[in-house]
Amino acid sequence: MTALFPWQQTVWQHIVDRVEQQRMPHAVLLTGVAGLGKKQLAVKMAESLLCLAADKHFNACGVCHSCQIMQAGNHPDHLTIRSEEAGKSIKIDQIRALKEKQSLTPSVAKWKTVVIESADLMTNSAANSLLKLLEEPQNNTILILTTNAVHRLPVTIRSRCQQMHLSTPDYSMTLNWLDSQGVATDADQLRKISSLTLDAPFAIVHALETNEWQSYQQIQQDFDQLIQQQANPVQLASQWQQLDLVKVMHQLLSAVKSRLQQQYLEYAETSVTQHYWHIADCIVNTIKLISSSNNYNKTLLIEDFMVSVMRITHTRSAIH
């Protein structure tokens, strides 16, 4: 059955307490940054709710009939909804299919469970359709929504769910877990990746296993060129098109924070630190635009960001 990770213990204990008190909400919204295992936790909740012989810690037994068909991926009382294609929205037809299924009574377990992965990907019409289900919950049905971007969900959806937030673990806990998984890498590189991935363990592993780390390094070089007025914003914006802009901005913000710390340690001129503060403001404003529910033109947004950074550094150069 699905494992529980060390940094999920607090939230899991909260769930266990709610079960013991027979106060499980009809809808749970799991939030937190990417890479904390929210989807795995949602599946573990569903497994335990559907299990016919869960233990006192609310762990599924793994041997009953309900657990066996859950592991086989064809439990009649469980449904998982996710985007049908990476980067695409969750459509209203998927929510309509869910509503039709929820009108049925459980056939194997006492509960019916639904996991909606990355719920913030729902279209407006899909969210509105789900809202009706949340307003009129079915008996013995629990919906478990996950999201890395809770702000993208309509307030009406958020307000009808019990929010459970997964916090990022302490760095020492992350190190211990990575060590237990046999993940070995240079300590300095690991600390940089940890900072860039907001200390999320699975995001760190993903960065190490893919070419994401190389992308981080390339972005760092691009950013240095921007500051030195040696970049072509149009050309660079084209190269950044395929990147996750949220991750890029958080990486740059982390880099600027490090440079500011270094400048203060070296008692640098005020004008130097100010220009980094202006760049930090520029990054934060861009993150706000990306995180808003408004549609935006990615190319224009990247170009505007780059031009703004170059303008800030050019102003400082002109003064000196």
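This is a short walk through one protein chain, from its overall layout down to a few single residues.

Hi everyone, thanks for coming. Before anything else, please keep in mind that we are looking at a predicted model.

Let's begin with the whole chain. It has 320 residues, and 44% of them are buried. The secondary structure comes to 14 helices and five strands. If you lay a box along the principal axes, the C-alpha atoms fill roughly 75 × 45 × 30 Å. The chain is divided into two domains, with domain 1 covering 6-165 and domain 2 covering 211-318. Between the C-alpha centres of domain 1 and domain 2 there are 37 Å. One more number for the overview: take the contacts between residues at least 6 apart in sequence, and 73% of those join residues at least 24 apart.

Now to the helix pairs, starting with helix 12 and helix 13. Helix 12 runs over residues 245-265 and helix 13 over residues 270-291. How do these two pack? Their axes are 10 Å apart, and the angle is about 160°. An angle over 145° counts as roughly antiparallel, and helix 12 and helix 13 are therefore roughly antiparallel to each other. The crossing of helix 12 over helix 13 is left-handed. If you have the structure open, you can click through the residues that make this contact. On the helix 12 side they include Leu245, Met249, Leu252, Leu253, Val256 and Leu260. From helix 13, look for residues including Tyr276, Trp277, Ala280, Ile283, Val284 and Ile287. Sorted by class, the contact between the two helices has 17 nonpolar residues, four polar ones and one charged one. The charged one is Arg259, on helix 12.

Let me stay on helix 12 for two of its residues. The first I'd like to show is Met249, which lies in helix 12. Is Met249 buried or exposed? Met249 counts as buried, because its relative accessibility is 1% and the cut-off for buried is under 20%. Which residues does Met249 touch, once we leave aside neighbours within four places in sequence? The list is Trp240, Ile283, Thr286, Ile287, Ile290 and Phe305. Of these, Ile287 sits 38 residues from Met249 along the chain, yet their C-alpha atoms are separated by 6.6 Å.

The other helix 12 residue is Ser254. Ser254 is buried too, with a relative accessible area of 14%. Not counting residues up to four places away in sequence, Ser254 touches Ser195 and Leu196.

Next, a second helix pair. Helix 7 spans residues 171-180, helix 9 spans residues 201-209, and their axes come within 10 Å of each other. They cross at roughly 50°, and helix 7 and helix 9 are therefore oblique to each other. This crossing is right-handed. Thr174, Trp177 and Leu178 make the contact from helix 7, and they meet Pro201, Phe202, Ile204 and Val205 of helix 9. By class that gives six nonpolar residues, one polar and no charged.

Now the loops. The loop between strand 3 and helix 5 holds two residues I'd like you to see. Strand 3 is 112-116, helix 5 is 124-135, and Ser118 lies in the loop between them. Most residues other than glycine have a negative phi. Ser118, though, has a positive phi of about 50° and is not a glycine.

Met122 is found in that loop between strand 3 and helix 5 as well. Met122 is buried, with a relative accessible area of 9%. What does Met122 touch, leaving out residues up to four places away in sequence? The partners are Ile90, Ile95, Ala127, Leu130 and Leu153. Met122 and Lys91 are 31 residues apart in sequence, while C-alpha to C-alpha they are 6.3 Å apart.

The last stop is Gln229, in the loop between helix 10 (212-227) and helix 11 (233-240). Gln229 is not a glycine, but its phi is positive, at about 65°. How exposed is Gln229? Gln229 is partly exposed, with a relative accessible area of 31%.

That's the tour. If you'd like one place to start on your own screen, try Met249, buried at 1% relative accessibility. Thanks for listening, and I'm happy to take questions.

Methods:
Residues are numbered from 1 along each chain as its sequence is written. This is a predicted model: local features need pLDDT of at least 70, side-chain atom pairs count only at pLDDT 80 or more; totals for chains, interfaces and linings use all residues. Side-chain values use heavy atoms; hydrogens and water are left out. Axes are lines fitted to C-alpha atoms, for helices over the stretch in contact, and angles run from 0 to 180 degrees between N-to-C directions. Helices (H or I, at least four residues) and strands (E, at least two) are DSSP runs, numbered from the N terminus. Angles under 35 degrees count as roughly parallel, over 145 as roughly antiparallel, 65 to 115 as roughly perpendicular and the rest as oblique. A crossing is left-handed if the near helix is turned anticlockwise from the far one by less than a right angle, and right-handed if clockwise. Contact means heavy atoms within 4.5 Å. Domain bounds come from an automatic or database domain assignment. Buried means under 20% relative accessible area, exposed over 50%, partly exposed in between (1.4 Å probe, protein chains only).
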